[in-house]
2 protein chains.
Amino acid sequence: MTNIRKVAELAGVSVATVSRTLKTPDIVSPATRDKVLVAVEQAGYRPNLTAVQFRSQRTRNLVVLVPIIANTFFARVIGGIQEAAQRRGYGILLCNTLGDERTERAYAGLVSTRQADGLIQLRAYDPFTTSRGKARPPMVNACEVLDEAPCPTVKLDNRAAARAVTEHLLALGHRRIGMIKGPRNSPLTRDRLLGFQDALAAAGLMPDESLWCPGDFTPPSGHRAAGELLSRADPPTAIFCENDEMAMGAMRRIKEAGLRVPEDISVAGFDDIAFASFCDPPLTTIAQPAEDFGREAVALLLDIIDDRVDAADEHRIMPFELVIRESTGPAA
Amino acid sequence: MTNIRKVAELAGVSVATVSRTLKTPDIVSPATRDKVLVAVEQAGYRPNLTAVQFRSQRTRNLVVLVPIIANTFFARVIGGIQEAAQRRGYGILLCNTLGDERTERAYAGLVSTRQADGLIQLRAYDPFTTSRGKARPPMVNACEVLDEAPCPTVKLDNRAAARAVTEHLLALGHRRIGMIKGPRNSPLTRDRLLGFQDALAAAGLMPDESLWCPGDFTPPSGHRAAGELLSRADPPTAIFCENDEMAMGAMRRIKEAGLRVPEDISVAGFDDIAFASFCDPPLTTIAQPAEDFGREAVALLLDIIDDRVDAADEHRIMPFELVIRESTGPAA
DNA sequence: TCCTTTTATGTAACCGGTTACATTTGACGG
DNA sequence: CCGTCAAATGTAACCGGTTACATAAAAGGA
């Protein structure tokens, strides 16, 4: 293996000089610098990064915990994280946790054991809970955020966004609005439900919990939930789905029942995934700046890692936009 | 920092004994073992992984180069990679390369510099090309594979799959079949095109290149390409798209033109993404075992890393399945 | 009982960089 | 020409594990 000592020998200088030439060239005389660079080239020398990491106690890696990477929205967030991290010289260690807390804690351990400098969690769970007393490793919680997060957060005002969607449906004359929810226990689901209720209350309507169906953010769950809503004696005239995947499942089910969207039933989603504008009919939904969630999370995390401590208690709210397409129309 | 020496002191043994207790407990006497474990617990000791990696020259990390993580199919492949890697104690360093060769080479450097033990490339490009003479770092090429890959590969028989789709369309009576291709220079696109031509030739039809439109695997490109095909004097009666995303874009465009799928035009895709069975109409497509591509790639890579060299020239062909849904029907 | 073998533990070198501190070299002023 | 100081370079300790080798203790055999 060509290591720094080989290069030093080849260049006829000490290892310290080689190290300095590569890290702080300005404090090395030009003549020596050239000699060393030639030797580096000649030996095909590449510094052993594990040695650098070990010595400097900095890995330039970030752990990212994502609940389901196959989810279009998360895939975009990860894209943003990766781009921002790479731009600043960091790599990302990705873990598709599937919501399993054991797995999340295991990966969080990579930070405790120095294999990564910080962690981005995209789910409402603190993988460092059990770490007693010790200083918390650098962490940022984004997308689905803990209520009392012990770290900076990046989120959407889900409540306001859900309210905006609901108000749009109300303005179209809908009064019986079904809701296809995300997984229970999720702050995200809770907030969207609150926003939904806010809008109903503001319009003087009583909430009807029998119109709320659980789902799990996948198309099949939306399909199933829509089936339940349609089989009622008094089906809703509009359905608000907590994400676009479920909305697409719901639209399919509605068509299978021989009904039309939006003439018979309006459907709204959340996220504005790439397919939202290409499904039939194009979906009314909430657009989120997915990549920006990732970029912002990286920026905050590096603020903590680099001890720009003023950032330690930052909570960013990202903007949303109600995108009205053709899946919502006047109540029948 | 609590390191192994602190623990040794606390337990009243040598550092070697602590190391052995944690790595090879069976060669340590039960009494000593207990003493050490108590000390480990008491000190809250976690071994510094960078030190372990440095010393053992093994990082238990794999680099994964993915062209576009936001692509549903790749997201599934990554899910499979992650699962298989995690099961065997490996982490993955993910890079969303966007097809940029500079970026790919930079990440490949993580292997050369010992920050990862191997690399999985999901695109037809060898990021180690410039490494002169040296032994090639462990690598596996999956999904879109180099023709003369210098490493094991995992791929689909794209040609046979495309042929199967085309034969299905021919059997329905279609004679003018449009094709929406993927990016040029992609072996994947070339092979699917070959399979398409194989089927036409077998049916005694002359290929008509004017019916081939370029795309880039995104819904908007499928939308655009379908627009071109529809604006012809003699539009095709069926369109074969090289992936489902483009097929969804194409179906949207067809409906915008006031035509029906499949009554007026049949559409077929490739990949069988989650939305394929939920779009309108559900899409006829080729199902690929996406997660298995990832799992298989990991298995092969670890075979190389662990010097089970017999695997060094393995080329796995994964199975496909033609899934016939409602987007294809008899020619008008 | 003494010697051999096995088992358990300790000592210290080692991995490949980084960097504090020591030393050398050269420039410059008096 | 000598002394002072800054710049350039060298020496070697250090990071925290792992492990070859040495040593000590215990078990077994004659």
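Which phosphate oxygen lies 3.4 Å from a backbone N or O atom of Asn48(A)? It is a phosphate oxygen of DNA strand C. The legends below describe a predicted model, in which local features need pLDDT of at least 70, side-chain atom pairs count only at pLDDT 80 or more, and totals for chains, interfaces and linings use all residues. Residues are numbered from 1 along each chain as its sequence is written, chains are lettered from A and ligands numbered from 1 in the order in which they are written, and side-chain values use heavy atoms, with hydrogens and water left out.

**View 1. Protein residues around DNA strand C.** The strand has 27 residues around it, and Arg5(A), Ser19(A), Arg55(A), Thr17(B) and Thr32(B) come nearest. A residue is near a strand if one of its heavy atoms lies within 4 Å of it. Sugar and phosphate make up 50% of the atoms of DNA strand C that come within 4 Å of the protein. By class, this surface has twelve nonpolar, nine polar and six charged residues. Ala, Val, Leu, Ile, Met, Phe, Trp, Tyr, Cys and Pro count as nonpolar, Asp, Glu, Lys and Arg as charged, and the others, Gly among them, as polar.

**View 2. Polar contacts to bases of DNA strand C.** A polar contact here is a pair of N or O atoms within 3.5 Å. Arg5(A) places a polar side-chain atom 2.6 Å from a base nitrogen of DNA strand C. For Arg55(A), a polar side-chain atom lies 2.8 Å from a base oxygen of that strand. Elements giving two or more residues to the surface near DNA strand C include helix H1 (4–11) of chain A and helix H4 (49–56) of chain B. Helices are DSSP runs (H or I, at least four residues), numbered from the N terminus.

**View 3. Contacts to DNA strand D.** Among the closest of the 27 residues that surround this strand are Thr17(A) and Arg5(B). A polar side-chain atom of Arg5(B) is 2.6 Å from a base nitrogen of DNA strand D, and one of Arg20(A) is 2.8 Å from a base nitrogen of the strand. A backbone N or O atom of Ile4(B) lies 2.7 Å from a phosphate oxygen of DNA strand D.

**View 4. The axis relating chains A and B.** Chain A is superposed on chain B by a rotation of 180° with 0.1 Å of shift along its axis (RMSD 0.1 Å), by least squares on the C-alpha atoms of residues with pLDDT of at least 70 in both. The two copies are thus related as by a two-fold rotation axis. In chain A, Leu93(A) has the C-alpha nearest the axis, 2.3 Å from it.

Methods: A polar contact is a pair of N or O atoms within 3.5 Å; within protein, one must be able to donate a hydrogen and the other to accept it, and residues adjacent in sequence count only if both atoms are side-chain atoms.
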